[in-house]
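Here are my notes on this one, in numbered points. Have a look at the model first, then read on.

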Amino acid sequence: MIQRVPLLRLLSGSLMLLMGSGGIPAVRAETATSAEQQALLERLRQRQAQEHERWRRFGDVEVDWTSWKPFDSHPYIWVTPWRRAVTRPTAIGGLSWPSTPESNPKSNVPDRALAVNCRDLTLNRKRAGSNWGDWRVPGAGTPAEQLLLDACSSLSS
């Protein structure tokens, strides 16, 4: 007869954190001191702040805020990558991995790009594997309106 032991009790005495492969040794969770954990937590918070600053969310879309570039010879049109902001309940703690826009090395425009025209106050987007859509004026009070206002006010200055 097989005796079943609760998983938590089984792991509590011998929990190991595997730090990846490639010669990095395994480290026991119990050996991490409070100071080490605090230092790691501080580094994690810095990385989270960097990611939050880079990928700004507007509705169900995240925009790479640090990658705005002028589009060709139009000084009033700016382009940047975008990705879907997806939260899956089955993911780890609500964390999901939305696909990062791929870029074509032959083009200066990412595979999924968002463009703002600050002169005409319009938006356009390019989806993966397709061409640009129509230039549109965002609706009042929408995330697209906020994106256009934020982008044009920060890119114009």
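1. Start with confidence, since this is a predicted model. The low end is strand S1 (residues 16-17), where pLDDT averages 39, and the high end is strand S7 (residues 113-117), at 93. Across the protein the mean is 75, with 65% of the residues scoring at least 70.

2. Residues 7-22 deserve a separate mention: pLDDT stays under 50 throughout that stretch. The model still gives residues 7-22 a total of 18 contacts beyond four places in sequence, so please keep the score in view when you look at them, pLDDT being the predictor's confidence in each residue.

3. On to the layout. You'll count 3 helices and 8 strands, and reading from the N terminus their order is α-β-β-α-β-β-β-β-β-β-α.

4. Some whole-chain numbers for your files. The protein has 157 residues, and 25% of them count as buried. Its accessible surface is about 11,600 Å², with carbon and sulfur atoms contributing 57%. Taking contacts with a separation of 6 or more, 37% join residues 24 or more positions apart.

5. Does helix H3 (residues 143-156) come out shorter than, longer than or in line with what its residue count predicts? In line: 14 residues at 1.5 Å a residue should span 20 Å, and the end C-alpha atoms are 20 Å apart, which agrees.

6. Which residues of H3 are buried? They are Leu 147, Leu 148, Ala 151, Cys 152 and Leu 155. Looking down the helix axis, you'll find these buried residues within an arc of 115 degrees, so they line one face of H3.

7. As for what that set meets, the buried residues of H3 pack against strand S3 (55-58), strand S4 (61-64), strand S6 (74-84), S7 and strand S8 (122-126). S7, then, is both the strand where confidence is highest and one of the partners of H3.

8. S8 is worth a look in its own right. Of its 5 residues, 4 are buried, so the rest of the structure largely encloses this strand.

9. Last, the S7 and S8 hairpin. The two strands pair antiparallel, over 5 bridges, and Ala 115 sits opposite Asn 124 in S8. Between the strands there are 4 residues, and in this hairpin Leu 121 has a positive phi, near 55 degrees. If you check one backbone torsion here, I'd look at Leu 121 for that positive phi.

Conventions: Residues numbered from 1 in each chain as written. Predicted model: local features only at pLDDT ≥ 70, side-chain atom pairs only at ≥ 80, totals over all residues. Heavy atoms only, no water. pLDDT = per-residue confidence, 0-100. Contact = heavy atoms within 4.5 Å. Buried < 20%, exposed > 50% of the residue type's maximum accessible area, 1.4 Å probe, protein only. Areas by Shrake-Rupley, 256 points an atom, 1.4 Å probe, with all protein chains shown as cover. Expected span 1.5 Å × (residues − 1). Arc of directions from axis to C-beta. Pairing = 2+ DSSP bridges.
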